[in-house]
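Student: Got a minute to walk through this one with me? I'd like to start with the overall layout and then get to the ligand.
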Amino acid sequence: MRNELTHAAENIARSSRLVVLTGAGVSRESGIPTFREAQDGLWARFDPMEMASERGFLRNPQLVWEWYEYRFGMVAAAQPNLGHLAIAALEELIPNVTVVTQNIDGLHQAGGSTRVLELHGSIRRYKCFGGAHRGYTRDDLATQSEKPPRCPQCGDLMRPDIVWFGEYLPEQVMRDAYAACLRADVALVVGTSGVVQPAASLPYLAQEAGATVIDVNPEDDEISRMADIFLQGMGGGVLPGLVEAVRSLRQGRS
Ligand code: APR
């Protein structure tokens, strides 16, 4: 692991265009359960497909709204962890850093990352069901008591601006994510099981385009096996040391 960490740090220290691909695991140490874990207790009897699909929403908008209220409560109480902070610190060391995340929690931005592409949207933004009116925050809807509230512009039901099962990913975000992977010299992958497409294809795309893929994950899985360098461990455990090693190498060179 020590040698692998040094090897990874050397690659990152040489990088001029780094893409960081993250999934639910990077927020685990902030206390945010994964999608499946969030089905605990009160919500255990509900089908995730029902809670995260247009069909489920139309069947029971109030229930789905409350499920997202519950999840928002967890996200709002969470702080970025050492992994998010280390990823943000890479911007001081590498000329171009793009974070591409499957997470909807906004913790990369809270941790200081400035270029974050949210593939699956954000639990902190809302749009009307028809999708014509977006960019609303909780504060914008706070005066309404109806659950879900109504769009201030068209009166349609409001929903979180999250990509649900069966929906397309936001086109421009996806285009930017592909571009970031195609031009990257290093792809640092953290905390994703690599099973949800199209996000799962991004490490492969970056690798085929010439990037060195580094995977940080406590579990040995498909991504860790395709990666050029696998750093087995938790994001908050591995990333601070990795970034410090990159910092030393960059300082040694300047
Ligand atoms: N640090 C790094 N990785 C971790 C940590 C940690 N502390 N804890 C767990 N992991 C790893 C797990 O080993 C697993 O590989 O994070 C990964 C989490 O996998 P998933 O829960 O499948 O999350 P993700 O890959 O982001 O896919 C979830 O599925 O429900 C949809 O759209 C939803 O974006 C979401 C996607």
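Tutor: Sure. One definition up front: the domain bounds used here come from an automatic or database domain assignment. Also keep in mind that this is a predicted model.

Student: OK, so how is the protein chain divided?
Tutor: Into two stretches of numbering that interleave: domain 1 covers 1-31 + 80-120 + 168-254, and domain 2 covers 33-77 + 126-162.

Student: What distance separates the centres of domain 1 and domain 2?
Tutor: Taken over C-alpha atoms, the centres sit 29 Å apart. Six residues of domain 1 and seven residues of domain 2 make the contact.

Student: And how much area do domain 1 and domain 2 bury between them?
Tutor: About 540 Å², with 63% of that on carbon and sulfur atoms. On the domain 1 side, the residues touching domain 2 are two nonpolar, two polar and two charged.

Student: How many salt bridges across that interface?
Tutor: Zero by the rule used. Residue pairs in polar contact between domain 1 and domain 2, counting both partners at pLDDT 80 or more, also come to zero.

Student: Switching to the ligand. Which residues come nearest?
Tutor: There are 21 residues around the ligand, and A24, E29, T192, S193 and N217 come nearest.

Student: Which atom of A24 faces the ligand oxygen, backbone or side-chain?
Tutor: Backbone: an N or O atom of A24 is 2.8 Å from an oxygen atom of the ligand. With T192 it's a polar side-chain atom, 2.6 Å from a ligand oxygen. N217 also uses a polar side-chain atom, at 2.7 Å from an oxygen atom of the ligand.

Student: How much of the ligand does the protein bury?
Tutor: 85% of the 730 Å² that the ligand exposes when taken alone.

Student: What classes do the shell residues divide into?
Tutor: Five nonpolar, eleven polar and five charged.

Student: And which domains does the shell draw on?
Tutor: Domain 1 and domain 2, with at least three residues from each.

How values were computed:
Residues numbered from 1 in each chain as written. Predicted model: local features only at pLDDT ≥ 70, side-chain atom pairs only at ≥ 80, totals over all residues. Heavy atoms only, no water. Contact = heavy atoms within 4.5 Å. Buried area = accessible area lost by both parts, 1.4 Å probe. Salt bridge = Lys/Arg side-chain N within 4 Å of Asp/Glu carboxyl O. Polar contact = N/O pair within 3.5 Å; in protein donor to acceptor, adjacent residues only side chain to side chain. Nonpolar A, V, L, I, M, F, W, Y, C, P; charged D, E, K, R; others polar. Near = heavy atom within 4 Å. Areas by Shrake-Rupley, 256 points an atom, 1.4 Å probe, with all protein chains shown as cover.
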